Amino acid sequence: MNQDSIKLIEQYYAAFNKGDMDTFLNLLTDDVIHDINQGKREVGKDAFKQFMGGMNNSYKEELVDMVIMATPDGARAAAEFVVLGEYLKTDEGLPEAKGQKYRLPAGAFFEIRDNKVARITNYYNLQDWIAQVSK
């Protein structure tokens, strides 16, 4: 079971890196829970789609150096990676975007149900990101 979960998370991030939002969103349950880094919890695929639309509008990111782990039963997984990004359009409440590039260590935790992502919780150091784009 855990190899199936690892493969699911690999597909999830491969779709993200390709900008293939249809595949990316199809890997989620309809009632997916999304815990935004240092932010609120959103529920549902539509909310996640809207969130990703905003992200793709303001940021261009590629995730590299991926390490994925899963529990033996495959019900939970985690990923550690590095975000290589470019800040394209100012995001409300954050520094002004001027095409700044950044490199940010990050991680995510997942719950998996019926071979789909049922919860994703992302973590990264927001202060590190702010410092990088404020230079």
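In this predicted model, Ala 79 faces Ala 108 of strand 5. Another cross-strand pair sits in the same neighbourhood of the description: Val 83 stands opposite Leu 104, again in strand 5. Both belong with the pairing of strand 4 (residues 76-87) and strand 5 (residues 101-113), which is antiparallel and counts 11 bridges.

On to the next pairing. Strand 3 and strand 4 also run antiparallel, joined by 10 bridges. One of the contacts here links Val 67 with its bridge partner in strand 4, Glu 80. The two strands make a hairpin with 5 residues between them, and in the turn Gly 74 has a positive phi of about 75°.

| Strand pair | Sense | Bridges |
|---|---|---|
| Strand 4 and strand 5 | antiparallel | 11 bridges |
| Strand 3 and strand 4 | antiparallel | 10 bridges |

How are the strands ordered in the open sheet? The sheet has 6 strands in the order 2-1-6-5-4-3, and its pairing is mixed. Strand 2 (41-43) and strand 3 (59-70) are at the edges with a single partner strand each, so one side of each has no neighbour in the sheet. On average, neighbouring strands are turned by 20° against each other, direction ignored. A handy reminder when looking at side chains: in a regular strand they alternate between the two faces of the sheet.

Now for the helices that lie across these strands. Helix 1 (residues 2-18) lies across strand 1 (28-35), strand 3, strand 4, strand 5 and strand 6 (116-124), and runs at about 170° to strand 3. Helix 3 (residues 45-58) lies across strand 1, strand 2, strand 3, strand 4 and strand 6; its angle to strand 1 is about 60°.

Finally, the pocket. The largest pocket holds about 730 Å³ of space. Its lining takes in 33 residues, and those nearest the centre are Ile 36, Asn 37, Phe 51, Met 55 and Tyr 124. Which element gives the most to this lining? Helix 3 does, with 6 residues. At least two lining residues each come from helix 1, helix 3, strand 3, strand 4, strand 5, strand 6 and helix 4 (126-133). By class, the lining of the largest pocket divides into 22 nonpolar, 8 polar and 3 charged residues.

Helix 3 therefore appears twice in this picture, if you like to trace elements: lying across strands of the sheet, and supplying 6 residues to the pocket lining.

Conventions:
Residues numbered from 1 in each chain as written. Predicted model: local features only at pLDDT ≥ 70, side-chain atom pairs only at ≥ 80, totals over all residues. Heavy atoms only, no water. Pairing = 2+ DSSP bridges. Helix = DSSP H or I, 4+ residues; strand = E, 2+ residues; numbered from the N terminus. Axes fitted to C-alpha atoms, helices over the stretch in contact; angles between N-to-C directions. Contact = heavy atoms within 4.5 Å. 1 Å grid on protein atoms, 1.4 Å probe; cavity = no way out; pocket = protein on both sides within 12 Å on 5 of 7 lines; lining within 4 Å. Points joined across faces, edges and corners; volume = space filled by probe spheres on them. Nonpolar A, V, L, I, M, F, W, Y, C, P; charged D, E, K, R; others polar.
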